[in-house]
Amino acid sequence: MKALLSLIEQHKQGHSTGIYSVCSAHPLVLEAAIKQAAQDQQLVLIEATSNQVNQFGGYTGMTPQDFSSHVFSLAARLNFSADKVVLGGDHLGPNCWQNLSASQAMEYSAQMIHDYVCAGFKKIHLDCSMPCADDLLPLSEKRMAERAAQLCVVAEQAWKSVGGEPPVYVVGTEVPTPGGALESLQEDSVEVTNPEQALATLDAHHQAFSDAGVGYVWSRVIGLVVQPGVEFDHHMVHHYRSDEAQSLSKMIDSQPHLVFEAHSTDYQNPPAYHQLVRDHFAILKVGPALTFALREALYGLERAEKEWLGIHHSSHLRETIEQVMHEHPDYWRSHYSSKGHQQYLDCSYSLSDRIRYYWTHPEVKAAQQALFDNLKDCPLPVTILSQYLPNQAKAISQNQIKNQPAEIVMHKIMEVTQVYSEACYANVVASKETIK
């Protein structure tokens, strides 16, 4: 945590430093992220969301302790120091239980926060921006802040019971939809957070924390979630426009310990990440772009496998996942309102990547394992691989990676992490030159 706080301090001192947060539970994504951090000699910040991981298992089937053990075991296997792993909890609040009464949803949220902190999660995003079943709408800033303060009390009690370094917090009620916009974006439909609204959010949380008896943690509130003007829907990306975010950017200068946390930064053009960090959006969240790259790699390998081994000896991974998604549509049905062939395209290629919810399904896992086994036993000729994954074929030819399916997939994922790494860890001079 000292290293994370040091990064924030460096940024507040005028350096173009930041950190990106890997929001995924997929083992290959996590391994790629750790390898990127090892290559950079930097921290790896890995976050679980409340719907992925909670006391009831979430969609991954993992509790906070399960997830923590999984990440630290993976780091140990890769000889990556546990001191350089920071675990974060994202959207921790009533998100999963909006259909329940506020009292029940907050009771579940409190247990979840307790379990996250006791499991070693040190970066806690307190998000009570979503209404519950019996709430009067719209929720006031005061009510959202009061609920966040309630959860902060629980987090502090949990930390004191287990000891170790204290957690740091992220607050903010202007939170983009996790995983991308549900509706189609229009050219000017993404509005940058109003600076006055951002200050009102901070003031409301500061007062609520003080009223709840946890005002002493305010120096550990390191991030404010705002909308810098980045978003994506199923097939379109709203790109960052630095000039439109300057008023918001300047506002954070008045806060000695705070930077902005930007969600939904996936799929931006590389220069945008340098600009975001320079403009004080120093914590960049990335999730679907990583599993989108994962899916591209796995589908590319399967296409190459069919050509190499023949259709009767292939894994049929894509057919398997399409069948499972058809039989179990709960994770995508509310996101894709399209019909017919367009729905097929959305399910396969949407930037929101609802496929990420299905990789843990037993039939899909078995098909992926069959793909990997086939390509371990009979490695692909680089000539065939080059048709579908040319960058990875080149990396094999240049002895940068082995001709093994897991290595190929992780190299594809690291095409994403590398872009974030260069923006967050470049020195000031290099960062300015890139922006020019």
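Where is the place of Pro138? Pro138 sits in the loop between strand S4 (123–126) and H5, and the peptide bond that leads into Pro138 from Leu137 is cis. The model is predicted. Its strands include a closed barrel of 8 with parallel pairing, and the points below cover that barrel, one helix pair, two backbone features and two empty spaces.

**Barrel**

- The closed barrel has the strand order S1-S2-S3-S4-S5-S6-S9-S10, and its strands pair in parallel.
- On average, neighbouring strands of this sheet are turned by 25 degrees against each other, with direction ignored.
- Within that order, S6 is followed by S9; strand S6 (residues 221–226) and strand S9 (residues 259–262) are joined by 4 bridges in the parallel sense.
- Val225 has Glu261 of S9 standing opposite.

**Helices H4 and H5**

- Helix H4 (residues 102–118) and helix H5 (residues 141–162) have axes that come within 8 Å and cross at roughly 30 degrees.
- The crossing of H4 and H5 is right-handed.
- On the H4 side, the contact is made by Ala102, Met106, Ser109, Ala110, Ile113, His114, Val117 and Cys118.
- On the H5 side, the contact is made by Arg147, Gln150, Leu151, Val154, Ala155, Ala158, Trp159, Ser161 and Val162.
- By class, the residues of the contact of H4 with H5 are 12 nonpolar, 4 polar and 1 charged.

**Backbone features in loops**

- For the cis peptide bond from Leu137 to Pro138, omega is near -5 degrees.
- Ser264 has a phi near 55 degrees, which is a positive value in a residue other than glycine.
- Ser264 lies in the loop between S9 and helix H8 (270–278); S9 is also the strand that pairs with S6.

**Cavity**

- Rolling a probe the size of a water molecule over the atoms shows where empty space is left.
- The count comes to 1 cavity of 30 Å³ or more.
- The largest cavity holds about 40 Å³ of space.
- The lining of the largest cavity is made up of Tyr20, Val22, Ala33, Leu43, Val44, Leu45 and Tyr425.
- Strand S1 (19–23) and strand S2 (44–49) each give at least two residues to the lining of the largest cavity, and both strands belong to the closed barrel.
- The lining of the largest cavity comprises 7 nonpolar residues, with no polar and no charged ones.

**Second largest pocket**

- The volume of the second largest pocket is about 230 Å³.
- This pocket is lined by 13 residues, of which Met1, Ala82, Asp83, Val85 and Glu165 are the closest to its centre.
- Helix H1 (2–12) and strand S3 (85–92) are the elements that give two or more residues to the lining of the second largest pocket.
- S3 supplies the largest share of the lining of the second largest pocket, 3 residues, and S3 is also a strand of the closed barrel.
- By class, the lining of the second largest pocket has 8 nonpolar, 1 polar and 4 charged residues.

Notes
Residues are numbered from 1 along each chain as its sequence is written. This is a predicted model: local features need pLDDT of at least 70, side-chain atom pairs count only at pLDDT 80 or more; totals for chains, interfaces and linings use all residues. Side-chain values use heavy atoms; hydrogens and water are left out. Axes are lines fitted to C-alpha atoms, for helices over the stretch in contact, and angles run from 0 to 180 degrees between N-to-C directions. A crossing is left-handed if the near helix is turned anticlockwise from the far one by less than a right angle, and right-handed if clockwise. Contact means heavy atoms within 4.5 Å. Ala, Val, Leu, Ile, Met, Phe, Trp, Tyr, Cys and Pro count as nonpolar, Asp, Glu, Lys and Arg as charged, and the others, Gly among them, as polar. Two strands pair if DSSP finds at least two bridges between them. On a 1 Å grid over the protein atoms alone, a cavity is a set of points where a 1.4 Å probe fits but cannot get out, and a pocket is an open set with protein on both sides within 12 Å along at least five of seven lines; lining residues have an atom within 4 Å of a point. Grid points are joined across faces, edges and corners, and a volume is the space filled by probe spheres set on the points.
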